[in-house]
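The following exercises concern one protein chain. Please examine its sequence and its model before reading the solutions.

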Amino acid sequence: MPYAPAAARVVRVVDGDTLIVDIDTYPPVFGQAIPVRLAGCDTPELNDPDPRLRALAVAAREFVRQVLSDAPVELHDIGRGKYFRIIARVRVAGQDLSTLLLQAGLAVPYAGGKRPDHSVLLTAATAAP
């Protein structure tokens, strides 16, 4: 069962789909330096063996840093994932961050099941004009 939306401040962008946030309305033990995994998408890993996917991972992280640029965020549909991580829809300036990553071609849709194939991003990138 998801929790109510919460205003948060991004402390750090770990990678394209993971943020460290502070939620000032939560007690510090639950609300400071909390890793949050974006719901709805998955970006390539920074340590992927394929250098092309590593480059996309860096691009995704930089894209998220630029979109957030010290803006406050809202966490929606807060819950726990399969590894007991906090999973949430992250909104910045009214826009869903996962949707922005998907539209930019830097992420694939992900609902928490089997790990997605990120190589489709390479095919899409080479097919773009």
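A polar contact is a pair of N or O atoms within 3.5 Å; within protein, one atom must be able to donate a hydrogen and the other to accept it, and residues adjacent in sequence count only if both atoms are side-chain atoms. The model examined here is predicted.

**Exercise 1.** Describe the surroundings of Asp17, including its polar contact with Thr18.

*Solution.* Begin with the position: Asp17 belongs to the loop between E1 and E2. Next, consider accessibility. The relative accessible area of Asp17 is 3%, and the limit for a buried residue is under 20%; Asp17 is therefore buried. Then turn to the polar contact: the side chains of Asp17 and Thr18 are joined at 3.2 Å. Finally, with neighbours within four places in sequence left aside, Asp17 is in contact with Val36, Arg37, Leu38, Cys41, Asp42 and Thr43.

**Exercise 2.** State the secondary structure of the chain and the order of its elements.

*Solution.* The count gives four helices and eight strands. Along the sequence, these elements follow the pattern β-β-α-β-β-α-β-β-β-α-β-α.

**Exercise 3.** Determine how the radius of gyration of the chain relates to that of a compact globule.

*Solution.* For 129 residues, a compact globule would have a radius of gyration near 14 Å. The chain has 14 Å, so the two values agree. The extent of the chain can be added: its C-alpha atoms fill a box of roughly 45 × 30 × 25 Å along the principal axes. As to burial, 42% of the 129 residues count as buried. Of the contacts with a separation of 6 or more, 54% are between residues 24 or more positions apart.

**Exercise 4.** Which residues of the largest nonpolar core touch the most other members, and which element gives the largest share?

*Solution.* The core holds 29 residues, and Leu19, Leu75 and Leu101 touch the most other members. Elements that give two or more residues to this core include strand E1 (6–15), strand E2 (18–22), helix H2 (51–68) and helix H4 (119–127). The largest share, five residues, comes from H2. Leu101 may then be taken by itself: beyond four places in sequence, Leu101 touches Gly16, Leu38, Cys41, Thr43, Ala60, Phe63, Val64, Leu106 and Ala107.

**Exercise 5.** Is Arg91 buried, exposed or partly exposed, and what does Arg91 touch?

*Solution.* Arg91 lies in strand E6. Its relative accessibility is 34%, and partly exposed covers the range between 20% and 50%; Arg91 therefore counts as partly exposed. Residues up to four places away are not counted in the next step, which finds that Arg91 touches Pro72, Val73, Glu74, His76 and Asp96. A polar atom of the Arg91 side chain also lies 3.0 Å from the backbone oxygen of Gly94. By contrast, the C-alpha atoms of Arg91 and Glu62, 29 residues apart along the chain, are separated by 17 Å.

**Exercise 6.** Where do Ser69 and Ala93, two residues with positive phi, lie?

*Solution.* Most residues other than glycine have a negative phi. Phi of Ser69 is near 25°, and Ser69 is in the loop between H2 and E5. Ala93 has a phi of about 50° and is in the loop between E6 and strand E7 (95–96). Ala93 is exposed, with a relative accessible area of 75%.

**Exercise 7.** How many aromatic pairs does the structure hold, and where does the charged end of Arg80 sit?

*Solution.* A search of the whole structure finds zero aromatic pairs. The charged end of Arg80 sits over the ring of Phe84, 4.1 Å from the ring centre.

Methods:
Residues numbered from 1 in each chain as written. Predicted model: local features only at pLDDT ≥ 70, side-chain atom pairs only at ≥ 80, totals over all residues. Heavy atoms only, no water. Core = buried A, V, L, I, M, F, W, Y, C linked by side-chain atoms within 4.5 Å. Buried < 20%, exposed > 50% of the residue type's maximum accessible area, 1.4 Å probe, protein only. Contact = heavy atoms within 4.5 Å. Phe/Tyr/Trp six-rings, centres within 6.5 Å; stacked < 30°, edge-to-face > 60°. Lys NZ or Arg CZ within 6 Å of the ring centre and 35° of its normal. Rg over C-alpha atoms; globule rule 2.2 N^0.38 Å.
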